Amino acid sequence: MHVLGIETSCDETAVAIYDEQSGLLAHHVYSQIATHAKFGGVVPELASRDHIRKTLPLIEQALSDAKLNGNDIEGVAYTKGPGLIGALMVGATIGRSLGWAWQVPTLGIHHLESHLMVVMLESNPPQFPFLTLLVSGGHTMLIDVHEFGNYQMLGQTLDDAVGEAFDKTAKLLGLPYPGGPGLAVLAESGNPYRFHFPRPMVSHPGLDFSFSGLKTYAMNCFKEYGQDEQARADIACAFEDAVVDTLLIKCRRALQQTKLQRLVVVGGVGANKKLRQRLQHNLVSQGVNVYFPRPEFCTDNGAMVAYTGYLRLARGECDSLAIDVRARWGLEELMTR
Ligand code: KG4
Ligand code: ZN
């Protein structure tokens, strides 16, 4: 079954074609970073306009790469939410219209579920059940994934998401948006012993997170010491260490609580090298297998939508002609879908 996937929930226009026999046949991502960088963050109206410009040309390119034409597509999946409402509307309208024109089933997909499932496209995917740490620009969550479609939320952030904390701290350090990758590069030349940032909420029981205090800590440090390049690098390093340690401590606690032996890390911050190395290093020795999607599938992409779309369309799920996108949409609501 050839499924076209369309992702337009935020500032990446992404499309892909997945087939159960041949796997991923094509995938393309157009990043709008250059459009938004001068504003220091995503401007929703500009995001929608760019999705309008880019989605159809990307679909044409994906079809041509896969040596297919529209008549070969047997299902269309698009991101239905959560995300920016105007941006979601573009992908949903294009996806729904193509589905109608091609007379194939069409389905709106949950953005977070697609982040969770993309790891299944790797060569050594985890078996269910597993624990997932989802760390992106908008979300920080620990989820017990019993099986496909059956999720239990164990903990989430009470304020900023991890990616958001990376981006805000990076902005403070004078790095361009989105600052997560740039902060990670700056941290490489930092002295890990100069500053010690707190590990928020680790002495509280439970699995929730809070990252807004770290950003304030970084700001105070920056005001006092951040005049030169080395101080900026040292702050970046201390911030990154605090985030990574906090995530490690909470993952370890969640693994003990659930008795799960497999951890999957997904979402944009899952591309962070220090996080990948430290989780691998500390958890593998405790008998836990750790799985990551390839870095390009940690950030938003079309492959995750095409694959998750395939899984649900193959079960016979399909939306009506009405287009219904959701800016907010809890993952647990999928259980009652
Ligand atoms: O999953 P994603 O592409 O979009 C959302 O759904 O939010 O995640 C984007 C977030 C941004 O905050 C970005 O700064 C962060 O992921 N990010 C990173 C790295 N690469 C992306 N944060 C830290 N280190 C990285 N290497
Ligand atoms: Zn995302």
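Is His-111 buried or exposed? In this predicted model, His-111 has a relative accessibility of 6% and therefore counts as buried, since the limit for that class is under 20%. His-115 falls into the buried class as well, because its relative accessibility is 1%. Both histidines belong to helix H4, which covers residues 111–117, and they are placed four residues apart, a spacing of about one turn of the helix.

These two side chains take part in a metal site. The zinc ion (ligand 2) is coordinated by NE2 of His-111, NE2 of His-115 and OD of Asp-300, at 2.1 to 2.2 Å. Along the sequence, the donor residues of this zinc ion follow the spacing H-x3-H-x184-D. The four donor atoms around the zinc ion (ligand 2) subtend angles of 91 to 142°, and the arrangement is classed as irregular because a tetrahedral assignment for four donors requires all angles to lie between 85 and 135 degrees.

Two pairs of helices can be described by the way in which they pack. In the first pair, helix H2 (residues 44–65) and helix H3 (residues 85–102) have axes 8 Å apart and meet at an angle of about 30°. Because angles under 35 degrees count as roughly parallel, H2 and H3 are roughly parallel to each other. The crossing in which H2 passes H3 is right-handed. On the side of H2, the contact is made by Ser-48, His-51, Ile-52, Thr-55, Leu-56 and Ile-59, while H3 contributes Gly-86, Ala-87, Val-90, Ile-94 and Leu-98.

In the second pair, H8 packs with helix H9 (residues 273–284) at an angle of about 40°, with the two axes 10 Å apart. H8 and H9 are therefore oblique to each other, and their crossing is right-handed. The residues of H8 that meet H9 include Cys-237, Glu-240, Asp-241, Val-244 and Asp-245, together with Leu-247, Leu-248, Cys-251, Arg-252 and Leu-255. In H9, the residues met by H8 are Lys-274, Leu-275, Arg-278, Leu-279, Asn-282 and Leu-283.

Several features of the backbone lie in loops. Most residues other than glycine have a negative phi, and most peptide bonds are trans. Against this background, the peptide bond that joins Gly-81 and Pro-82 is cis, with omega at about -10°, and Pro-82 is found in the loop that runs between strand E4 (75–81) and H3. A cis peptide bond also leads from Tyr-177 to Pro-178, where omega is near -10°; Pro-178 is located in the loop between helix H5 (162–172) and helix H6 (180–187).

Positive phi values occur at two lysines. Lys-67, in the loop between H2 and E4, has a phi near 55°, which is a positive value in a residue other than glycine. With a relative accessibility of 72%, Lys-67 counts as exposed. Lys-259, in the loop between helix H8 (229–258) and strand E9 (262–266), has a phi near 65°, again positive in a residue other than glycine. Its relative accessible area of 67% is the reason why Lys-259 is classed as exposed.

A further residue, Met-219, is placed in helix H7 (residues 212–225). The relative accessible area of Met-219 is 31%, so this residue is partly exposed. From Met-219 to Gln-32 the separation is 187 residues in sequence and 28 Å in space, taken from C-alpha to C-alpha.

Technical notes
Residues numbered from 1 in each chain as written. Chains lettered and ligands numbered in written order. Predicted model: local features only at pLDDT ≥ 70, side-chain atom pairs only at ≥ 80, totals over all residues. Heavy atoms only, no water. Donors = N, O, S within 2.8 Å, 3.2 Å for Na, K, Ca; no water. Tetrahedral: all angles 85-135°; square planar, octahedral: opposite > 155°, others 65-115°. Buried < 20%, exposed > 50% of the residue type's maximum accessible area, 1.4 Å probe, protein only. Axes fitted to C-alpha atoms, helices over the stretch in contact; angles between N-to-C directions. Parallel < 35°, antiparallel > 145°, perpendicular 65-115°, else oblique. Left-handed = near helix turned anticlockwise from the far one by under 90°. Contact = heavy atoms within 4.5 Å.
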